Structures are given as structure tokens and as C-alpha cells.
Amino acid sequence: MSTVFLATIPSPPQGVWEIGPLPIRAYAVFTILGIAVAIWWGDKRLVARGGPAGMVGDVAVWAVPFGIVGGRIYHVITDNHLYFGEGKDPVRALYVWEGGLGIWGAIALGAVGAWIGCRRRGVPLPVFADAVAPGIAVAHAIARIGNYFNQELYGSHTTLPWGLEIYQRVNANGQLDQLNGVSNGIPLPESPVHPTFLYELLWNLGVAALVVYADRKLRLGHGRAFALYVAAYTVGRTWIELMRTDPATLVFGVRVNVWVSVLVCAGALAYFFWARRKGSREHLGASEKEAEVLPP
């Protein structure tokens, strides 16, 4: 008995376009777009805290490369089955343009880069982190569109109206190539599936809105806005991660990213409440009156 779907979300026919010898990858395009949005919005928020315009871009020169390297290292460690073992090509672990950046590695090593950049410009890292927190959430949401083009990060089969159609992709030789190929119109057996990339995209936008709202109401400072972002994101990442069906490293039968999310959430909440005793938001030179009229 066939199932009738009221609607489904079709997948793009491809995620890579060849312009001469140059491959244009949707994943890379949306990742770069997300970074640009985070820098732009973070700069506006840092100015509102008394910082000079352009400082977020200066710090990003350090934070972004560190974050990309950290994100890739985390991805390769937690998804090592993709690159190591029989029939695998370990060199592909270096192909960051093909997708695969772990958010926790990106934040951890990106924070090291941000710390270096902040020290060079004389800005406290917690102030910088609070300024860029909602922008990072939006950047992550934008990058998830790249996962949509790559047909990755989806869940199990679903009969819900917003199920995602996943198709076979083949290369010029007719061989299956889900990452670099073009759709042949044949759906995969599990299609339609839960679009968990979309769930996370929407959750991240909600996290950004929550951080902005709480920051305005509570005048969060001393890294608390960033801690709130981390805590809120991990709550969503936990239940979304449990819906995913792609192969992953398991710890006690549970995906490793679930354990990491729970631990990071606990640490972020502990810091959020601990830092409350330091008082409300600090400013970097602008007067209180000036800071209140600038864009948040």
C-alpha cells in the first residue's frame, strides 16, 4: 500500500558546479556567507559595547582559520570511519571543501585564535565573545544550507509533509557520487527523510533571537551571552543528533556528539550562573548613554 505525501522537500540536483577548472561548492559558499554575516553583525554589537568599528574583522583574521582547522580536526576524529579503514583514502581528511566541520572543534580552536586577536587589539575575550554570539548562531544556520546541497545530515524515513527527498547522484562516468555528482532522479530507499539539517537551521535562528532578547533585557556581560548561546544550541543539538541516521562514532551506544553536547551544555550553564556575580554588561569606552542608542 503506497503512502501519499502531501508535500516533500526536493533536494538540489547537485552541490558542485564546474566553472572552467574551478569547482564552486555550495557548502563552501554558504560557510563563507555565514562567516561574513557573523563578522558584520558582531562588529555592530561590539561597537554598541564601546569597541571600535572593524575590530571583529581584525580578530576574525585569527579566529576563522583557527576555527576551520579545529572544526576539521574534530570532524575527522569523531567521524574517522569516513577516512580511515579498508577502502578509505586518509588524504581526504584534508579536503575541508567537501564538507565536514565539527562545531565544537571550531569553537574551541576558534576561541584560541580569537584570544590571540583580542590580545593584539587589547579587547577582553569575554566582551568579544558576547558580541559575536548571536552572529555565530546565524552563521551556523546559513552553513546548514550547504548541508542541504550536499544531501547530508538527515534523519530516518518519515511520512511527515516536510520530508526531504534524497536522490542518487552520479558522476560523468555514471558512477555513484553523492557529493560531487548530479542527481539521476532516482530516490534513495529511505527517502523521504527527516530534514535534520533544517531542524538545526531553524533552531539556530531561534537561539540567535533568544540571545539578543536576553542580552537586551538582562544586559548580559562577562561572556554570559556567549554561554547562553552555547547552552541553548546544545539543547537543540542533542535531540536533533539523536534523530540522525548517518554513521557516527558511538560511545556506550550513543552518538559521541550527544555526549559532547550534554557535557558542554552543563559547562555553559554553570558559567552562565557563576559569571552573574560579576555584574551586568561592561563597555569598552563608549558612555552608557551612547551605547544604548547604538545597534545591539
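A cavity, for my purposes, is a set of grid points where a 1.4 Å probe fits but cannot get out. I'm working on a predicted model here.

**Cavities.** I looked for enclosed spaces of 30 Å³ or more and got one cavity. The largest cavity holds about 40 Å³ of space. Next I pulled up its lining: Thr-78 and Asp-79 are there, then Glu-241, Arg-244, Asp-246, Pro-247 and Ala-248, and also Arg-255, Val-256 and Asn-257. Sorted by type, the lining has five charged residues, three nonpolar and two polar.

**Helix α6.** I turned to α6, which runs over residues 224-243. From first C-alpha to last, its 20 residues reach 29 Å, close to the 28 Å expected. How many residues of α6 are buried? I find 16 of the 20, so I'm noting the helix as mostly covered, with buried meaning under 20% relative accessible area.

**Gly-185.** I found this glycine in strand β6, residues 182-187. Buried or exposed? Neither quite: its relative accessible area is 48%, so Gly-185 goes down as partly exposed. Setting aside neighbours within four places in sequence, I see Gly-185 in contact with Tyr-167 and Gln-168. I also checked Gly-185 against Ala-214: they sit 29 residues apart in sequence, and their C-alphas are 46 Å apart in space.

**Cysteines.** I searched the whole structure for disulfides and came back with zero. I looked up two cysteines anyway. Cys-118 is buried, with a relative accessible area of 1%. Cys-265 comes out at 14%, and because the cut-off for buried is under 20%, I count Cys-265 as buried too.

How values were computed. Residues numbered from 1 in each chain as written. Predicted model: local features only at pLDDT ≥ 70, side-chain atom pairs only at ≥ 80, totals over all residues. Heavy atoms only, no water. Helix = DSSP H or I, 4+ residues; strand = E, 2+ residues; numbered from the N terminus. Expected span 1.5 Å × (residues − 1). Buried < 20%, exposed > 50% of the residue type's maximum accessible area, 1.4 Å probe, protein only. Contact = heavy atoms within 4.5 Å. Disulfide = S-S within 2.5 Å. 1 Å grid on protein atoms, 1.4 Å probe; cavity = no way out; pocket = protein on both sides within 12 Å on 5 of 7 lines; lining within 4 Å. Points joined across faces, edges and corners; volume = space filled by probe spheres on them. Nonpolar A, V, L, I, M, F, W, Y, C, P; charged D, E, K, R; others polar.
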